[in-house]
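Colleague: Could you walk me through one part of this protein in some detail? Pick a strand that has a lot going on around it, and tell me what it sits against.

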Amino acid sequence: PKLTGRPFVSGVFVGRGFGQDLLCAASAPIVGTDGHLLGLVQGAIRIEGLNRLMRGASSQTGIEMMVVDPAGNMSYGSSGVPFTPTQSVRHEGWFNQGKHGVARFIDRRLANVPWGDTLAIEIDTPEGWHVITMTSRWHLLERTFFDIGMLILLAAGVSLAAMQFGRRH
């Protein structure tokens, strides 16, 4: 922040002074009205708070989520993601440098999935963090067949109601 004038969020690391908590450091410049640097504000963010947020977001059946820091280390992974916090995933194929925000199938399988590859949607921050939401192709097919079945039942119900209405008039 001192050189760039922009806030900075570090990658994930194991805290020393705070026990063994997973942390990331954040710092931002304090700039006067004349544009001169007055100082920096710094702090540590406990990753556990992020984990609680992400657990809520990834609680839907069939959805997995992963947050990767700028260095390519996993800071959060839901239960079906086969990595542990601080493990490097840069070369594992789970996220794609340069093609962010694009839905794509990757040749990776999530835990407890009978067959098929994984649909991954990746969003990244200006600071270089990656948030990847994933579901298996199997889960997508399962949901699609369920939705088609519901549409067929709805169409059949409307048809029956129309026939009954037609007979009465």
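Modeller: Here is a close look at strand E5 and its surroundings, with a little on the rest of the chain for context.

Keep in mind that this is a predicted model. The chain averages a pLDDT of 77, and 76% of the residues score at least 70. Confidence is lowest in helix H1 (residues 47-57), with a mean of 66, and highest in helix H2 (residues 137-168), at 85.

To get your bearings, the chain has two helices and nine strands. In sequence order they come as β-β-β-β-α-β-β-β-β-β-α. Of the 169 residues, 29% are buried. The accessible surface is about 10800 Å², with carbon and sulfur atoms supplying 61% of that. Take the contacts between residues at least 6 apart in sequence: 34% of them join residues at least 24 apart.

Now to E5 itself, which covers residues 64-68 and is mostly covered, with five of its five residues buried. Glu 64, Met 66 and Val 68 point one way from the strand, while Met 65 and Val 67 point the other way. Both sets are buried.

E5 has pairing partners to go through. With strand E9 (residues 130-136), E5 pairs in the antiparallel sense over five bridges. Met 65 has Thr 133 as its bridge partner in that strand. E5 also pairs with E6, again antiparallel, over three bridges. There, Met 66 is matched with Gly 77.

Gly 77 is worth a stop. This glycine lies in strand E6, and it is partly exposed because its relative accessible area is 26%, between the 20% and 50% cut-offs. Setting aside neighbours within four places in sequence, Gly 77 is in contact with Met 65 and Met 66. The C-alpha atoms of Gly 77 and Ile 132 are 9.4 Å apart, although 55 residues separate the two along the chain.

Step on to Ser 78 and you are in the loop between strand E6 (74-77) and strand E7 (103-106). Ser 78 counts as buried because its relative accessibility is 7%, which is under 20%. The side chain of this serine turns up in two places at E5. One is a polar contact with the side chain of Glu 64, at 2.4 Å. The other is the backbone nitrogen of Met 65, which the Ser 78 side chain reaches at 2.9 Å.

Further along that E6-E7 loop you come to Thr 86. Its phi is near 75°, a positive value in a residue other than glycine. Thr 86 counts as partly exposed, because its relative accessibility is 33%.

Back at E5, what about the stretch leading to E6? The two strands form a hairpin with five residues between them, and Gly 72 there takes a positive phi near 90°. Asp 69 lies in that loop between E5 and E6. Asp 69 is buried, because its relative accessible area is 0%. Leaving out neighbours within four places in sequence, Asp 69 is in contact with Gly 11, Val 12, Gly 128, Trp 129 and His 130. One of these contacts can be described more closely: a polar atom of the Asp 69 side chain lies 2.6 Å from the backbone nitrogen of Val 12. As for Val 131, its C-alpha is 9.0 Å from that of Asp 69, with the two residues 62 apart along the chain.

Val 12 leads us to the strands at the start of the chain. Strand E2 (residues 13-14) is joined to E3 by two bridges, running antiparallel. Val 14 has Leu 22 as its partner in E3. Strand E1 (residues 8-9) likewise has two antiparallel bridges to E3, which spans residues 22-31. In that pairing, Phe 8 is matched with Ser 27. Ser 27 also stands opposite Gln 42 in E4. E3 and strand E4 (residues 37-46) pair antiparallel over nine bridges. These two strands form a hairpin with five residues between them, and Gly 35 in the turn has a positive phi of about 90°.

So if you're looking at the model on screen, start from E5, with its five buried residues. Then find E9, paired over five bridges, and E6, paired over three. From there, pick out Ser 78 by its contact with Glu 64, and Asp 69 by its approach to the backbone nitrogen of Val 12.

Methods: Residues numbered from 1 in each chain as written. Predicted model: local features only at pLDDT ≥ 70, side-chain atom pairs only at ≥ 80, totals over all residues. Heavy atoms only, no water. Helix = DSSP H or I, 4+ residues; strand = E, 2+ residues; numbered from the N terminus. Buried < 20%, exposed > 50% of the residue type's maximum accessible area, 1.4 Å probe, protein only. Polar contact = N/O pair within 3.5 Å; in protein donor to acceptor, adjacent residues only side chain to side chain. Contact = heavy atoms within 4.5 Å. Areas by Shrake-Rupley, 256 points an atom, 1.4 Å probe, with all protein chains shown as cover. pLDDT = per-residue confidence, 0-100. Pairing = 2+ DSSP bridges.
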